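The following questions and answers examine a single protein chain. Each answer works towards the value or name requested.

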Amino acid sequence: MNTYKKINKIFFLILVFLAGTVLCSAAPKTKVLIPKYANGPISIDVSGKSYKYYPLSVDEPSILTTRGPGKLKIITRGMISSQDEGRLNYSVYYRINGARKVKVEFNSVKPDGKASFKDASLGLPSVGGNIMIELARGEHTIELWSGSENLQIITRTLFTEIKEKKIDWVSLSPMYPNEPVSLATYEDVVSYYRYSSAKPLKVKITGPTTVRVLNRVEFDYRMKGKLNYRIEVKEDKKVKNTYMLCTDRSDVTRYKKDGKRTPGKANEIVISVPSGTHTYEIITLDKCSVLGRILFPKKDIKLEAF
């Protein structure tokens with residue numbers, strides 16, 4: 001009987017260990033996003049821990065990039081010159097992938113009694129006000145502005161990954177006669193299409209559905225290090241989104257027939273297609289040649305993609 005109890009106990013402990021391992025591995029990852037070209041950070045101490053915040057401008061956007069899907073948390077604080085100034089009213093604007101600006105207002109915000117600036121001469125930080133945004137799959141560009149000229153606003157941005165749902169994707173050929181290019185990754189060979197500012201990648205598709213566009217900059221021997229470039233998406237001739245992307249040379253993907261150039265690592269953008277038939281144009285806003293591959297969900301073939 002004792003032996004039976006010992007076996008049960010060991011089996012129970014193994015189950016607990018395995019369950020803990022699964023829970024730990026499935027825990028979502030959260031990272032801090034640092035603005036591009038940011039000025040020096042401002043440190044705030046909260047309950048013995050130090051956190052870095054970045055100032056916002058009224059005129060120039062603070063630019064952040066990340067890859068979804070995930071949840072974005074933008075923590076905003078006002079910088080109060082003295083305790084006597086009481087509660088604050090301020091606003092922050094944000095824009096995702098070049099779409100319309102969204103204004104968020106924070107009213108009657110008081111000083112945070114549990115927080116202080118590392119540099120005491122900066123005054124007092126207000127209680128944090130949060131902006132929560134859910135981002136879909138693909139690369140995203142987030143722009144932030146202060147909406148308050150008479151108050152310095154600072155932000156700290158966190159991004160938490162969300163597990164992607166498994167989707168079967170099929171390729172879609174562009175409408176224009178863009179030049180096809182074969183790229184090889186290990187033993188797999190796939191077709192991309194060359195496009196530029198002069199010759200866009202154009203596709204017609206019926207929604208509602210989702211379109212993925214994988215983009216690879218073409219590197220030649222003169223191009224060194226990382227490359228920043230911009231992609232613009234037009235929906236029915238109107239600008240829908242603008243993406244600020246960054247890439248460098250791929251370590252595993254090569255041209256099947258061109259040994260003089262190297263394809264960049266893929267940047268993925270995702271276009272949400274509303275109901276009805278729509279025409280999309282994808283162009284680069286910079287002087288570089290880009291290879292694009294268009295994909296959409298296999299389940300949406302019934303919508304008659306062209």
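Q: Is Arg-222 buried or exposed?
A: In this predicted model, the side chain of Arg-222 meets that of Asp-220 in a salt bridge, with 2.8 Å from N to O. Asp-220 has 16% relative accessibility and therefore counts as buried. For Arg-222 the relative accessibility is 60%, and the cut-off for the upper class is over 50%. Arg-222 is therefore classed as exposed.

Q: Which residue of the salt bridge between Asp-300 and Lys-299 is buried?
A: The closest N and O atoms of Asp-300 and Lys-299 are 3.1 Å apart. Lys-299 has a relative accessible area of 59%, so Lys-299 is exposed. A relative accessible area of 6% falls under the 20% limit for burial, and this value belongs to Asp-300.

Q: How many residues apart in sequence are the parts that Arg-137 and Glu-268 tie together?
A: The side chains of Arg-137 and Glu-268 form a salt bridge of 3.1 Å, N to O. Arg-137 counts as partly exposed at 24% relative accessibility, whereas Glu-268 counts as buried at 2%. Arg-137 belongs to strand S9 and Glu-268 to strand S19, so the bridge links parts of the chain whose separation in sequence is 131 residues.

Q: Which residues are joined into one network by salt bridges that share partners?
A: The structure holds 17 salt bridges. One of them pairs Arg-137 with Glu-268. Through shared partners, salt bridges join these two residues into one network with Arg-67, Glu-139, Glu-164 and Arg-212. The network is thus Arg-67, Arg-137, Glu-139, Glu-164, Arg-212 and Glu-268.

Q: Which strand gives the most to the lining of the largest pocket?
A: The largest pocket holds about 580 Å³ of space. Among its 23 lining residues, the closest to the centre are Leu-135, Ala-136, Arg-137, Thr-210 and Val-270. Strands S9 (129-146), S16 (238-247) and S19 (267-284) each supply at least two residues of this lining. With six residues, the strand that gives the most is S9.

Q: How many residues of the lining of the largest pocket are nonpolar?
A: The lining of the largest pocket consists of 23 residues. Five of them are polar and six are charged, and the nonpolar residues number twelve.

Q: Which residues does Ser-62 touch, not counting residues up to four places away in sequence?
A: Ser-62 lies in strand S4 (residues 62-80) and counts as buried at 8% relative accessibility. Its C-alpha is 8.2 Å from that of Tyr-37, a residue 25 places away in sequence. With residues up to four places away set aside, the residues touched by Ser-62 are Pro-35, Leu-56, Ile-142, Glu-143 and Leu-144.

Q: Where is Pro-208 placed?
A: The peptide bond from Gly-68 to Pro-69 is cis, with omega near 15 degrees, and Pro-69 lies in strand S4. The peptide bond from Gly-207 to Pro-208 is also cis, with omega near 5 degrees. Pro-208 is placed in strand S14 (residues 201-219).

Q: Is Asn-97 buried or exposed?
A: Asn-97 has a phi near 55 degrees, a positive value in a residue other than glycine. The residue is placed in the loop between strand S5 (88-96) and strand S6 (102-109). Its relative accessibility of 5% is under the 20% limit, so Asn-97 counts as buried.

Q: Is Tyr-186 buried or exposed?
A: Tyr-186 has a positive phi of about 55 degrees although it is not a glycine. Its loop runs between strand S12 (180-185) and strand S13 (188-195). With a relative accessible area of 66%, Tyr-186 is exposed.

Q: Which element has the lowest mean pLDDT?
A: The chain averages a pLDDT of 88, and 88% of the residues score at least 70. Among the elements, strand S10 (residues 153-161) has the highest mean, 97, and the lowest, 51, belongs to helix H1 (residues 2-26).

Notes. Residues are numbered from 1 along each chain as its sequence is written. This is a predicted model: local features need pLDDT of at least 70, side-chain atom pairs count only at pLDDT 80 or more; totals for chains, interfaces and linings use all residues. Side-chain values use heavy atoms; hydrogens and water are left out. On a 1 Å grid over the protein atoms alone, a cavity is a set of points where a 1.4 Å probe fits but cannot get out, and a pocket is an open set with protein on both sides within 12 Å along at least five of seven lines; lining residues have an atom within 4 Å of a point. Grid points are joined across faces, edges and corners, and a volume is the space filled by probe spheres set on the points. Helices (H or I, at least four residues) and strands (E, at least two) are DSSP runs, numbered from the N terminus. Ala, Val, Leu, Ile, Met, Phe, Trp, Tyr, Cys and Pro count as nonpolar, Asp, Glu, Lys and Arg as charged, and the others, Gly among them, as polar. A salt bridge is a side-chain nitrogen of Lys or Arg within 4 Å of a carboxyl oxygen of Asp or Glu. Buried means under 20% relative accessible area, exposed over 50%, partly exposed in between (1.4 Å probe, protein chains only). pLDDT is the predictor's confidence in each residue, from 0 to 100. Contact means heavy atoms within 4.5 Å.
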